[in-house]
Amino acid sequence: MDEVDLIIHPEWIIPVEPAQTVLEDHSLAIHQGQILAIAPPSEMAQTYTAKAEHHLPGQVVLPGLINAHTHAAMTLLRGFADDLPLMTWLTEHIWPAEQAHVGEAFVHAGSELAILEMLRGGITCFNDMYFFPEATANAAAKAGVRASVGMILIDFPTAYANGPEEYLAKGQALHSQWAGHPLIDTTMAPHAPYTVSEKNLVRAAEIAEALNRRFHIHVHETAAEVERHLTTQGDRPLMRLDALGLINSNLLAVHMTQLSERERDRLAATGAHVIHCPEANMKLASGFCPVADLADRGVHLALGTDGAASNNDLDLLSEMRTAALIAKGVSGNAAALPAWQAIEIATLGGAKALGRDHEIGSLKVGKAADLISLDLTQPESTPLHQVPSQVVYAASRQQIKHVWINGAHVLNERAATTLDQTAILARATEWRDKLQKR
């Protein structure tokens, strides 16, 4: 018999591929960071021995969740400015606080706190857009977490860069530094059409194409944004991006709460990805992304939390439930975005958006062993009739017990194995005190 690194024996497996599948009485064999086999325990026993085994009765194993849009370091601004409309929140509170405090130390501390929170919520990969992305990449790599970090671009100077030239130069250096890393990837990340000029959007797109990177941008977040662009530019932001040749399969369009019929058709025709952040959209009164209609048209969908400053958590299980409920409420169709589809967009949808579905997003032989277990024996998820429904509509992130990334056990019985929780929480408190003094 062959010896493998690990065999996991859960009660159920949701592999995501094939769709709408729940496996009972199956185990997973993991070796050198990859899924080697998925089979009944009796077959495993005839083929493999393991250096370690985990028996998980009453637990379901599914692919690690993928947070397709966040600003990790903004966990340090959680609750800093709440109950405000987007532009007031940004211009009068968040941007001034960032200008006064954000630097490499702030971003590293905030990113570590975010990664700790995300691991405890079953997130194994996140797509980030923020200043000092070098610090976020370092924090993720140290913690053993997958991350796609953004080559940030904005037209005005910040503590990170004095203008577009420096942003773009630093972004390309970031990409070169992490090229080929097993966990860390990069995207081109211009902030939004209202903060990046057309000239610089085109330059960013050219760099993204040359480096084969995704193009990650906030767009159509609010009705006011669209109206302002109509008034000043004569058309809607998404249609201007289309005119510039920027709507394609590399586009990660975040929020998308205001979409015309023509825009929905273009998204479907071009293979663009829409990153849905339902709870942040609601908290900032930005509107509702028409996910049910987009799904019906075949638009690629992924799920994000946005930053903790505008959410106020990084809880993708909660986002799945909210996304499913909003889809039903907005469409008037109770069958819209069923539980299995909500799980799919939070896993395989995110992997496809990031161009990483060849390695993550579903549990298949040959893919990376990025997986999580969720305890369904708790009173809150009992009795159990349908596993996917229980995961989406009843379970909470406190029921996440174990997380493996590349086969490494990074969360064991809810305790992070690669992060110092006490030190991380202490640093977060220090930053709170600095922000409050301001």
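**Exercise 1. Find which residues of α4 meet which residues of α5, then describe the crossing.**

Step 1. Pick out the contacts. P133, E134, A137, N138 and A141 in α4 meet K170, L174, Q177 and W178 in α5. Contact means heavy atoms within 4.5 Å. Helices (H or I, at least four residues) and strands (E, at least two) are DSSP runs, numbered from the N terminus.

Step 2. Know the model. This is a predicted model, where local features need pLDDT of at least 70 and side-chain atom pairs count only at pLDDT 80 or more, while totals for chains, interfaces and linings use all residues. Residues are numbered from 1 along each chain as its sequence is written, and side-chain values use heavy atoms, with hydrogens and water left out.

Step 3. Sort the contact by class. α4 with α5 has five nonpolar, two polar and two charged residues. Ala, Val, Leu, Ile, Met, Phe, Trp, Tyr, Cys and Pro count as nonpolar; Asp, Glu, Lys and Arg count as charged; the others, Gly among them, are polar.

Step 4. Describe the geometry. Two packed helices are described by the angle between their axes and the distance between the axes. The axes of α4 (residues 133-143) and α5 (residues 164-178) come within 10 Å and cross at roughly 20°. Axes are lines fitted to C-alpha atoms, for helices over the stretch in contact, and angles run from 0 to 180 degrees between N-to-C directions. α4 and α5 are therefore roughly parallel; this term covers angles under 35 degrees.

Step 5. Give the hand. α4 and α5 cross in a right-handed way. In a right-handed crossing, the near helix is turned clockwise from the far one by less than a right angle.

**Exercise 2. Repeat the analysis for α5 and α6.**

Step 1. Start with the axes. Those of α5 and α6 (residues 198-211) come within 12 Å and cross at roughly 15°. That makes α5 roughly parallel to α6.

Step 2. Give the hand. The crossing of α5 and α6 is right-handed.

Step 3. List the contacts. From α5 come P164, E165, L168, Q172 and H175; from α6 come N200, R203, I207 and L211. By class, this contact has four nonpolar, three polar and two charged residues.

**Exercise 3. Locate the residues that UniProt annotates as "binding site".**

Step 1. Read the record. An unreviewed UniProt entry gives "binding site" for H69, H71, H218 and D306. UniProt positions are in the numbering used here, feature names are shortened, and annotations may be inferred rather than shown by experiment.

Step 2. Compare sequence with space. H69, H71, H218 and D306 are spread over 238 residues of sequence, yet they cluster in space, with a largest C-alpha distance of 11.9 Å.

Step 3. Check the largest cavity. Its lining includes H71, H218 and D306. A cavity is a set of points, on a 1 Å grid over the protein atoms alone, where a 1.4 Å probe fits but cannot get out; lining residues have an atom within 4 Å of a point.

Step 4. Add the other annotation. "Binding site" in the unreviewed UniProt entry also covers E98, H191, E221 and D306. The lining of the largest cavity includes E98, H191, E221 and D306.

Step 5. Place two residues. H71 is in the loop between β6 (65-70) and α2 (86-101). E98 lies in helix α2.

**Exercise 4. Find where the cis peptide bond between E17 and P18 sits.**

Step 1. Read omega. For E17 and P18 it is about -5°.

Step 2. Place P18. This residue is in the loop between β1 (2-13) and β2 (23-24).

How values were computed: Parallel < 35°, antiparallel > 145°, perpendicular 65-115°, else oblique. 1 Å grid on protein atoms, 1.4 Å probe; cavity = no way out; pocket = protein on both sides within 12 Å on 5 of 7 lines; lining within 4 Å.
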